[in-house]
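Let's work through a few exercises together, one small step at a time. Keep the structure open beside you and try each task before reading its solution.

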Amino acid sequence: MPDVDDPICPLCDRPIPPDVPQSLHHLVPKLRGGKGGRVVLLHHICHREIHATLSETELARAFNTVAALRAHPRLAKFLAWVAKRPPEFSSKVPGARRRGGNKL
């Protein structure tokens, strides 16, 4: 159960209890010059949605603030949806769609 002292996810505004999957997101990806840069604590589901939606280059160039991430149309739709779920909610996030590949 969330505690009033639990950190708040800056994307979905839900508390992040200590027993809930969470991760640090580098606002500028490490591979794009963000090593040692600013990080934010997010629900793991919110973090996965960021990386399922945007490339490292897009994150570095245009989506390197919480406000910019929240304004992205796909992320905004996801955040409105997940904000209605309890803090411990978790779900699979689709990965990037691959073109071609092996068809079984």
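Helices are DSSP runs of H or I with at least four residues, and they are numbered from the N terminus. Bear in mind that this is a predicted model.

**Exercise 1. Get an overview of the protein chain.**

Task: find how many helices and strands the protein chain has, and in what order the elements run.

Solution.
- Step 1: The secondary structure of the protein chain consists of 4 helices and 2 strands.
- Step 2: Starting at the N terminus, the order is β-β-α-α-α-α.
- Step 3: Of the 104 residues in the protein chain, 36% are buried.
- Step 4: The protein chain exposes about 7000 Å², and 55% of this comes from carbon and sulfur atoms.
- Step 5: Take the contacts with a separation of 6 or more: 57% of them involve residues 24 or more positions apart.

**Exercise 2. Describe the two strands.**

Task: work out in which sense β1 and β2 pair, and which residues of β1 lie on its covered face.

Solution.
- Step 1: Locate strand β1 at residues 22–26 and strand β2 at residues 39–43.
- Step 2: The two strands pair in the antiparallel sense, over 5 bridges.
- Step 3: Look at the two faces of β1: Ser 23 and His 25 are on the covered face, while Gln 22, Leu 24 and His 26 are on the uncovered one.
- Step 4: Pick Ser 23 and look across to β2, where its bridge partner is Leu 42.

**Exercise 3. Place His 51.**

Task: decide whether His 51 is buried, partly exposed or exposed, and find what it touches.

Solution.
- Step 1: His 51 belongs to helix α1, which covers residues 44–53.
- Step 2: The relative accessibility of His 51 is 36%, so His 51 counts as partly exposed.
- Step 3: Set aside the neighbours within four places in sequence; His 51 is then in contact with His 25, Glu 56 and Leu 59.
- Step 4: Follow one of these contacts: His 25 is 26 residues from His 51 in sequence, and their C-alpha atoms are 9.8 Å apart in space.

**Exercise 4. Trace the surroundings of Thr 53.**

Task: find which polar partners the side chain of Thr 53 has, and whether Thr 53 is buried or exposed.

Solution.
- Step 1: Thr 53 is also part of helix α1.
- Step 2: Buried means under 20% relative accessible area. Thr 53 has 18% relative accessibility, so Thr 53 counts as buried.
- Step 3: A polar atom of the Thr 53 side chain lies 2.7 Å from the backbone oxygen of Glu 49.
- Step 4: The side chains of Thr 53 and Arg 74 make a polar contact of 3.1 Å.
- Step 5: Beyond its neighbours within four places in sequence, Thr 53 is in contact with Glu 58, His 72, Arg 74 and Leu 75.

**Exercise 5. Follow the aromatic rings.**

Task: find how many aromatic pairs the whole structure has, and how each is arranged.

Solution.
- Step 1: Searching the whole structure gives 2 aromatic pairs.
- Step 2: In the pair of Phe 78 and Trp 81, the ring centres are 6.0 Å apart and the planes are at 45°, so this pair is tilted.
- Step 3: Both residues lie in helix α4 (residues 73–82), 3 residues apart, which is about one turn of the helix.
- Step 4: Trp 81 and Phe 89 form an edge-to-face pair, with 5.5 Å from centre to centre and 80° between the planes.
- Step 5: These ring pairs link Phe 78, Trp 81 and Phe 89 into a cluster.
- Step 6: Now check accessibility: Phe 78 is buried at 10%, whereas Trp 81 at 34% is partly exposed and Phe 89 at 24% is partly exposed.
- Step 7: The charged end of Arg 85 sits over the ring of Phe 89, 6.0 Å from its centre.

**Exercise 6. Examine Asp 13.**

Task: find what sign phi has in Asp 13, and where Asp 13 lies.

Solution.
- Step 1: Asp 13 lies in the segment before β1.
- Step 2: Most residues other than glycine have a negative phi.
- Step 3: In Asp 13, phi is near 65°, a positive value in a residue other than glycine.
- Step 4: With a relative accessible area of 46%, Asp 13 is partly exposed.

Conventions: Residues are numbered from 1 along each chain as its sequence is written. This is a predicted model: local features need pLDDT of at least 70, side-chain atom pairs count only at pLDDT 80 or more; totals for chains, interfaces and linings use all residues. Side-chain values use heavy atoms; hydrogens and water are left out. Buried means under 20% relative accessible area, exposed over 50%, partly exposed in between (1.4 Å probe, protein chains only). A polar contact is a pair of N or O atoms within 3.5 Å; within protein, one must be able to donate a hydrogen and the other to accept it, and residues adjacent in sequence count only if both atoms are side-chain atoms. Contact means heavy atoms within 4.5 Å. Two strands pair if DSSP finds at least two bridges between them. Rings of Phe, Tyr and Trp (its six-membered ring) pair if their centres lie within 6.5 Å; planes under 30 degrees apart count as stacked, over 60 as edge-to-face and the rest as tilted. A charge sits over a ring if NZ of Lys or CZ of Arg is within 6 Å of the ring centre and within 35 degrees of the ring normal. Accessible areas come from the Shrake-Rupley method with a 1.4 Å probe; for residues, only the protein chains shown count as cover.
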